[in-house]
Amino acid sequence: MQHSFPSTIGGSMAPITKADIQVYTADNQGQGWTQWIKPPGITMCYMVAIAGGGGGGGGFTLTTTSAGGGAGGACSGISRLLIPSFLLPDILYVQVGQGGYGGAAGSAGITGANTYISVGHSSALPNVVLASGVNAPGGGAAGTAAAGGTGGTVPT
């Protein structure tokens, strides 16, 4: 889903005359691609790609003697790019990574997904202009009877 914002920041500041701010969010139906069309007349483009964070692990079901809590999922990876617009094609494709779901009792959390801005419907390296990270944010491990789970793998 795409959101557009007015070209002013704050109520008392002067308008930004040529700003075109667009925000894309993950769709809950899957990892769909959304088209971005270069606005006419822009000279620079600033992009931010934020991954969906990893889900937390489920805790171990309490027994009479011990129980371990599930670990937190990893944080989102974030990448930024400032580029002259003439280096970009007129159309790019955006795929926003969804966050991972938390694990049920005794289950690990689900890994989050990376966000990609690409020249085609592909996250393969020849097509990617910007990615939120190399590896996706990991889900947290489940707790056990003896110990709490370990945190999700942090994106790079």
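Strands here are DSSP runs of E, at least two residues long, numbered from the N terminus. By that count, Gly138 sits in the segment after strand S8 (128-131). The model is a predicted one. Its chain has 8 strands and 0 helices. Of its 156 residues, 31% are buried.

**Overall build**

- Read from the N terminus, the elements run β-β-β-β-β-β-β-β.
- Many contacts span long stretches of sequence: of those between residues at least 6 apart, 66% join residues at least 24 apart.

**The nonpolar core**

- The largest nonpolar core holds 12 residues.
- Its members are Tyr24, Trp36, Cys45, Met47, Ala49, Ile83, Leu88, Leu92, Val94, Val96, Ile117 and Leu130.
- Strands S4 and S6 each supply at least two residues of this core.
- S4 provides the largest share, with 3 residues.
- In soluble globular proteins, nonpolar side chains tend to be buried together.

**The largest pocket**

- The volume of the largest pocket is about 680 Å³.
- The lining counts 24 residues, and the closest to the pocket centre are Asp20, Gln22, Tyr46, Met47 and Val48.
- Strands S2 (22-24), S4 (44-50) and S6 each give at least two residues to the lining.
- S4 gives the most, with 7 residues.
- By class, the lining has 18 nonpolar, 4 polar and 2 charged residues.
- Met47 appears in both settings: it is listed in the largest nonpolar core, and it is among the residues closest to the pocket centre.

**Thr115 and Ile50**

- Thr115 lies in the loop between strand S6 (91-95) and strand S7 (116-118).
- Thr115 counts as buried because its relative accessibility is 4%, and the cut-off for buried is under 20%.
- Beyond its sequence neighbours up to four places away, Thr115 touches Ala49, Ile50, Ala51, Gln95, Val96, Gly97, Leu130, Ala131 and Ser132.
- Three of these contacts, Ala49, Val96 and Leu130, also belong to the largest nonpolar core.
- A polar atom of the Thr115 side chain lies 2.6 Å from the backbone oxygen of Ile50.
- Ile50 itself is in strand S4.
- Ile50 is partly exposed, with a relative accessible area of 42%.
- Leaving aside neighbours within four places in sequence, Ile50 is in contact with Ser76, Gly77, Ile78, Thr115 and Ser132.
- Ser132 is therefore on both contact lists, that of Thr115 and that of Ile50, where contact means heavy atoms within 4.5 Å.
- The C-alpha atoms of Ile50 and Thr25 are 9.8 Å apart in space, and the two residues are 25 apart in sequence.

**Gly138, after the last-numbered strand named above**

- Gly138 is buried because its relative accessible area is 7%, where buried means under 20%.
- Outside the four places on either side in sequence, Gly138 touches Gly54, Gly73, Ala74, Thr111, Gly152 and Thr153.
- Between the C-alpha atoms of Gly138 and Thr111 there are 4.4 Å, while 27 residues separate the pair along the chain.

**Loop residues with other exposures**

- Ser107 is found in the loop between S6 and S7.
- Ser107 counts as partly exposed, at 32% relative accessibility.
- Not counting residues up to four places away, Ser107 touches Gly57, Gly58 and Ala142.
- Ser107 and Ala142 are 35 residues apart in sequence, yet 5.0 Å apart from C-alpha to C-alpha.
- Thr61 lies in the loop between S4 and strand S5 (78-84).
- Thr61 counts as exposed because its relative accessibility is 52%, and exposed means over 50%.
- The C-alpha atoms of Thr61 and Thr144 are separated by 8.4 Å, with their places 83 residues apart along the chain.
- Ser85 is found in the loop between S5 and S6.
- Ser85 is buried, with a relative accessible area of 5%.
- Apart from residues up to four places away in sequence, Ser85 touches Lys38, Ile42, Thr43 and Met44.

Terms used
Residues are numbered from 1 along each chain as its sequence is written. This is a predicted model: local features need pLDDT of at least 70, side-chain atom pairs count only at pLDDT 80 or more; totals for chains, interfaces and linings use all residues. Side-chain values use heavy atoms; hydrogens and water are left out. Helices (H or I, at least four residues) and strands (E, at least two) are DSSP runs, numbered from the N terminus. Buried means under 20% relative accessible area, exposed over 50%, partly exposed in between (1.4 Å probe, protein chains only). A polar contact is a pair of N or O atoms within 3.5 Å; within protein, one must be able to donate a hydrogen and the other to accept it, and residues adjacent in sequence count only if both atoms are side-chain atoms. On a 1 Å grid over the protein atoms alone, a cavity is a set of points where a 1.4 Å probe fits but cannot get out, and a pocket is an open set with protein on both sides within 12 Å along at least five of seven lines; lining residues have an atom within 4 Å of a point. Grid points are joined across faces, edges and corners, and a volume is the space filled by probe spheres set on the points. Ala, Val, Leu, Ile, Met, Phe, Trp, Tyr, Cys and Pro count as nonpolar, Asp, Glu, Lys and Arg as charged, and the others, Gly among them, as polar. A nonpolar core is a set of buried Ala, Val, Leu, Ile, Met, Phe, Trp, Tyr and Cys residues joined through side-chain atoms within 4.5 Å.
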